[in-house]
Amino acid sequence: MMPASLLDQLVDALRVLPGVGPKSAQRIVYQLLQRDREGAAKLARTLADALTQVKHCTRCNTFTEAEICERCLSPQRDPAQLCVVEMPSDLAVMESTQAYRGLYYVLMGRISPLDGVGPRELQLDQLLARATDGLVEEVILATNFTNEGEATAHYLGEMLRARGLRVSRIARGVPVGGELEHTDLGTVAQAFAERRGW
């Protein structure tokens, strides 16, 4: 059997990206090699640099080039609040709202037994150390509202409350600007159950 060509290897390598199937990977490869070799070289260099220089923040576990990220070092952040999210992309969404000024902890995943991810794989001892550092007064669980995210929030809530921490969960409901007739029934039911005074 002949070894795969460099083109085939590159197409296969791009398929590790979420949402990129064989056809999309092939189009990307042809675009980079035919029309943007300089962009392809820059992509390769930057990816190689990131692989050697980007690591996890020792406090919040997000990606950073320093031992402790700028957000964790900022005196403008409230150290009494710790928001737990699944991925750095979730942290970015929370930050873009400009509604939260506390600190974060990024799990880098969620409990998903079908994928072989349990509490041990999430290295929750680091989260526990962070949450029980004497500064944190409230842990806000901001995992996604999927089955895995809910299971993760439940597990974390039990674990953190057992250590005397105040734990809250972000609310869910009808999106701002959303219309009830276009909202799924589960979301409407949850919004009704979590209603508050006005």
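Is cysteine 72 buried or exposed, and what is its relative accessible area? I looked this up first and found cysteine 72 buried, with a relative accessible area of 9%; buried stands for under 20% relative accessible area, exposed for over 50%, and partly exposed for what lies in between (1.4 Å probe, protein chains only).

I note that this is a predicted model, in which local features need pLDDT of at least 70 and side-chain atom pairs count only at pLDDT 80 or more, while totals for chains, interfaces and linings use all residues. Residues are numbered from 1 along each chain as its sequence is written, and side-chain values use heavy atoms, with hydrogens and water left out.

Next I looked for disulfides, taken as pairs of cysteine sulfur atoms within 2.5 Å, and the structure holds zero of them. For cysteine 60 the closest cysteine sulfur is that of cysteine 69, and at 3.7 Å it is too far for a bond. Cysteine 72 is likewise in no disulfide, the nearest cysteine sulfur, again in cysteine 69, being 3.6 Å away. I also found cysteine 60 buried, at a relative accessible area of 1%.

I then turned to helix H2, residues 22–35, where helices are DSSP runs (H or I, at least four residues) and strands are E runs of at least two, numbered from the N terminus. I found Ala25, Val29 and Leu32 buried in H2; seen down the helix axis, the buried residues fall within an arc of 70° (taken from the directions from the axis to the C-beta atoms), so they line one face of H2. The face turned away from that buried side carries the exposed residues Lys23, Arg27, Gln34 and Arg35.

Notes: Expected span 1.5 Å × (residues − 1).
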